[in-house]
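Here are my notes on the model you sent. Please read them with the structure open.

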Amino acid sequence: MLEAVDPDPLAAAVALRWAAALHHLALRGRDPWAALWPPAPATDAQLDAAIAAAWAGERAHLDRALARAPQTNEVQRSAALLPGLLHVAAATGLPLALCEIGSSAGLNLWPDRHRIDYGAWASGPAEAPLALRCDWQGPVPAGAATPLVVRSRAGCDLHPVDLRVPDEALRLRSFVWPDQAERVLRLARAIEVTAPWLRDEGVAVQAQPAAAFAAAQLAAPREGAATVLMHTIMWQYLPAAEQQAIAATLDAAGRRATRTAPLAWLRLEPPVPDARAELRCRLWPGGDDVLLGRAHPHVASFEAVA
Ligand SMILES: C[S@@+](CC[C@H](N)C(=O)[O-])C[C@H]1O[C@@H](n2cnc3c(N)ncnc32)[C@H](O)[C@@H]1O
């Protein structure tokens, strides 16, 4: 069965698929898995028996779970996107139209709605239902006190997770290691908060490759708004041809951008594999590209550069 997924077990992340498939059973509250997962203590012998029991009695679930690509969505990356969005808002003085590629479940389409405590400063409503903490290093950004106005939100993913389906939310949670208590709690809360926003405001993450989505979203300038094409920790997964197609789309849309319909390319991506991620923003008209800061991919802290 797994050979059909990918002949290279490392590339297919087979171990991760297995761990998530069993974690998913635990999250559904199924015995014996629910009783064995952290914080409960479990012996190797108990886990071996539980894996054998899954192979014998949960084949339909395993067939489905092992066949699908691992999927994550880290809402803490909103703490890195926020200073970039403030940068665009301060530079343009306009409301923002957010277009995210590689959105996964769409958890990072709402950085303006969360309370983000950076230590040196904070953003978002004090009573926000989701609170994030991120250790800020460097100068406080210009415009930190200005509330962000977001006019529209749209996202795409090759394999979107539909949070309106309860079992899909559990599947997304199954990819976080269950002993990482802080991430587990943060993701569960982010799903609880975001799912109604997605549903009630009609913001679906479209099942579409990034290049096609970018071409559609940037086909015409949005008068009176700054369009922001944004992405976090996904560029490395795009084939070179798709990266080039998006760059060409941005260049063409950038040439059409005006002061009343500007365009930004905001991204949090490592410059080389395994390096710290860089938050960069290119803004048209003009096309200047600025390095705004650096962060580890899970954004416990953010080092501001400009
Ligand atoms: C590591 S995850 C990051 C998800 C999210 N951006 C975040 O930071 O939490 C990479 C995402 O990119 C998506 N992806 C990979 N190739 C893609 C493509 N060609 N077009 C759109 N999405 C893609 C994956 O499905 C996955 O959701």
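**Notes on the ligand site and domains**

1. Start with Asp157. A side-chain N or O atom of Asp157 lies 2.5 Å from an oxygen atom of the ligand. Please keep in mind that this is a predicted model. The distance is computed from its atoms.

2. Asn73 also reaches the ligand through its side chain. There, an N or O atom is 2.9 Å from a ligand oxygen atom.

3. Gly102 uses its backbone instead. One of its backbone N or O atoms is 2.8 Å from a nitrogen atom of the ligand. How much of the ligand's accessible area does the protein cover? On its own the ligand has 590 Å² of accessible area, and the protein covers 92% of that.

4. The surroundings deserve a look as a whole. The ligand has 19 residues around it. Gln71, Glu74, Arg77, Asp157 and Thr232 are the closest. Asp157 thus appears both here and in the side-chain pair of point 1.

5. What is the make-up of this shell by class? Eight residues are polar, seven are nonpolar and four are charged.

6. Which pocket does the ligand take up? The ligand occupies the space of the largest pocket.

7. Now the domains. The assignment places residues 2-67 in domain 1 and residues 75-304 in domain 2. Their C-alpha centres are 32 Å apart. The two domains are in contact: domain 1 contributes nine residues and domain 2 contributes 10 residues.

8. Please compare the ligand shell with the domain bounds. Asp157 and Gly102 carry numbers inside the 75-304 range of domain 2. Asn73 falls outside both ranges.

Notes:
Residues are numbered from 1 along each chain as its sequence is written. This is a predicted model: local features need pLDDT of at least 70, side-chain atom pairs count only at pLDDT 80 or more; totals for chains, interfaces and linings use all residues. Side-chain values use heavy atoms; hydrogens and water are left out. A residue is near a molecule or strand if one of its heavy atoms lies within 4 Å of it. A polar contact is a pair of N or O atoms within 3.5 Å; within protein, one must be able to donate a hydrogen and the other to accept it, and residues adjacent in sequence count only if both atoms are side-chain atoms. Accessible areas come from the Shrake-Rupley method with a 1.4 Å probe; for residues, only the protein chains shown count as cover. On a 1 Å grid over the protein atoms alone, a cavity is a set of points where a 1.4 Å probe fits but cannot get out, and a pocket is an open set with protein on both sides within 12 Å along at least five of seven lines; lining residues have an atom within 4 Å of a point. A molecule sits in a cavity or pocket if more than half of its atoms lie within 2 Å of its grid points. Ala, Val, Leu, Ile, Met, Phe, Trp, Tyr, Cys and Pro count as nonpolar, Asp, Glu, Lys and Arg as charged, and the others, Gly among them, as polar. Domain bounds come from an automatic or database domain assignment. Contact means heavy atoms within 4.5 Å.
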